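Trainee: Please take one part of this model and go through it closely. I would like to follow how that part fits with the rest.

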Number of protein chains: 2
Amino acid sequence: MTVIRDAAATRQRLIDAARAEFAQYGIAGARVDRIAANAAANKAQIYNYFGSKDRLFDAVWESVVQQVVESTPIDATDLAGYAARLADTYTQHPEIRRLVSWRRLERGHDGPHLFAVQNAKATVDAIAKAQADGTVSDHFAPGVLLALIINVASLWTTGSSLEVLTVADVSAAKRQREIIRDAVECLVAR
Amino acid sequence: MTVIRDAAATRQRLIDAARAEFAQYGIAGARVDRIAANAAANKAQIYNYFGSKDRLFDAVWESVVQQVVESTPIDATDLAGYAARLADTYTQHPEIRRLVSWRRLERGHDGPHLFAVQNAKATVDAIAKAQADGTVSDHFAPGVLLALIINVASLWTTGSSLEVLTVADVSAAKRQREIIRDAVECLVAR
């Protein structure tokens, strides 16, 4: 039992260390020996538990999707509030959007991740149901509306160039949140 | 004269090769010797003309900003059309949004680029003027509206995760363009 518990604890420490490492340096730039050292483990354990650096990244990605889904459940009756909460999650955990960006840059050619697709589908289904119930406009297809919502929610964390952010001059987090809620209200009512 | 012309040609070949290299591998991942070889030049010329790999990236970034401004001038009387044309530029030159993303990931701590800020300011001024003239709603501050427009314009090129794009199932480029125009029309009229 202790061995199994230790193995699970080591695996979790490796995922946590890998998350920080991948967020900082990307997939190609991440160093397996640095991850092992920061997890108080060794490289052999990484290959034992995950098989490769790429599969370790997949495990990190799955943990990120799980975290977002659990901390920010979809509320299709209040999509503007959902977008504002998503933005809060992105701001509180800046590594999330960094991992999304690294993944698109370095894994764009790969297929999407099954677990993440299942979650995206469940979210789209919730929006489709709200559209069928008439609480959300069906102007945009449900998947398109989700893409727009996530896009707007990431406005201040990955959506714009440094220069546009400088010129936009939105320093207060509260105002940033209001802008996201406001923009999504507009899209939902269209 | 010939020497000067050759120098300008070599400098341009280096910028072109660097643009492709940085778009593919990012700033840390880019290899100066590969850039030199692809430009039919040598590493010494890179350091002569640009000083360092980082300054070479700055030169690439400036050329990207220039290209976007020249190919897609702001039309504040038709911001939805402007967003659709921006999206076309991003789709035709996928390296543009990749360079934006790499820069945010690897240079987020740096200050914004002066030339790019000047261009962003000019664009914001054009939107502010249209708002003062009453052709664009002043619901959003002009800089915020620009940030939202660029964000929506990059919806299909960097704005969403692979999974959301899969679920959104928007395959036809024309439909993608319409969605961007549509969403921006909504924001401009708010």
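Mentor: A nonpolar core is a set of buried Ala, Val, Leu, Ile, Met, Phe, Trp, Tyr and Cys residues joined through C-beta atoms within 7 Å. Buried means that 20 or more other C-beta atoms, placed from the backbone, lie within 10 Å of the residue's own. The model is predicted, so local features need pLDDT of at least 70 and side-chain atom pairs count only at pLDDT 80 or more, while totals for chains, interfaces and linings use all residues. Residues are numbered from 1 along each chain as its sequence is written, and chains are lettered from A in the order in which they are written.

The largest nonpolar core has 122 residues, and A:A83, A:I149, B:A83 and B:I149 touch the most other members. Leaving aside residues up to four places away in sequence, B:I149 touches B:L79, B:Y82, B:A83 and B:V184 (contact: C-beta atoms within 7 Å). In soluble globular proteins, nonpolar side chains tend to be buried together.

Now the two copies. A turn of 180° with a shift of 0.0 Å along the axis lays chain B on chain A with an RMSD of 0.0 Å, superposed by least squares on the C-alpha atoms of residues with pLDDT of at least 70 in both. The copies are thus related as by a two-fold rotation axis. Of the interface residues of chain B, 100% are also interface residues in chain A, so the copies meet through the same surface.

Within chain A, an automatic or database assignment gives domain 1 (1–59) and domain 2 (72–190). Their C-alpha centres lie 29 Å apart.

How values were computed: Contact = placed C-beta atoms within 7 Å. Buried ≥ 20, exposed ≤ 12 C-beta atoms within 10 Å, placed from the backbone.
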